[in-house]
Structures are given as structure tokens and as C-alpha cells.
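Let's walk through this fold strand by strand. Have the viewer open and follow along.

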Amino acid sequence: AINHARDYIIATGSYDKALRLWDTRNPTRPYNDSFRAESGVWRLKWSPTDPMLILVACMHDGYYVLDTDNLSAPVSHK
């Protein structure tokens, strides 16, 4: 998912339960991959009002709202 407020930031999710944030100016490795869900990360959606928040939908673990400045502490989990 591309962050339209910050053009160089991309978020990816995967079956290995990880959310990864990438900077397209240095695509060799993610700059943040500290968030791990209990199941595969299925869908991602950036907040339309706050470019730092992302919604992470998981296969069997509900969803999380995360602040991308602090991935280790979810804003919300359901």
C-alpha cells in the first residue's frame, strides 16, 4: 500500500505475519519490520486523514490500527 501523503513510503504484508515499511529511496531492505501479527497480514489501508496511521487486516487475528512511528504498540486491536 502506497502512502499518498508520503510518496516514498510503502507498506507490505505477508503470510509470515509481518508488516514491513519500505522507503523507495533505499529499497534493499525494510526500514521497519517490528510488527508481527498472530496470523498472516492480508490487507493494508492508510488512514485518509492521518498519514502515520495504517489499518492492518489479518487472516485469523482481526485487525489492528498502527501508528507507523511506533509499530510495537497498536493504537487499536479487534
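Two strands count as paired if DSSP finds at least two bridges between them, and strands themselves (E, at least two residues) are DSSP runs numbered from the N terminus, as are helices (H or I, at least four). This is a predicted model, where local features need pLDDT of at least 70 and side-chain atom pairs count only at pLDDT 80 or more, while totals for chains, interfaces and linings use all residues. Residues are numbered from 1 along each chain as its sequence is written, and side-chain values use heavy atoms, with hydrogens and water left out.

Start with E1 (residues 9-13), which runs antiparallel to E2 with five bridges joining them. One pair to click on is Ile10 and its bridge partner in E2, Trp22. The hairpin between E1 and E2 has four residues between the strands, and Lys17 there takes a positive phi near 75°.

On its way, E2 also pairs with E3 (residues 32-36), antiparallel over three bridges; here Ala18 has Arg36 as its partner. Five of the six residues of E2 (residues 18-23) are buried (under 20% relative accessible area, 1.4 Å probe, protein chains only; exposed is over 50%, partly exposed in between), so E2 is largely enclosed by the rest of the structure.

Now for E4 (residues 41-46), home of Trp42. Trp42 counts as exposed because its relative accessibility is 57%. E4 runs antiparallel to E5 (residues 53-58), joined by five bridges, with a six-residue hairpin linking them. Lys45 is partnered with Leu55 in E5.

E5 then meets E6 (residues 63-67), again antiparallel with five bridges, and Val56 stands opposite Tyr64 in E6. In their four-residue hairpin, Gly62 takes a positive phi near 70°.
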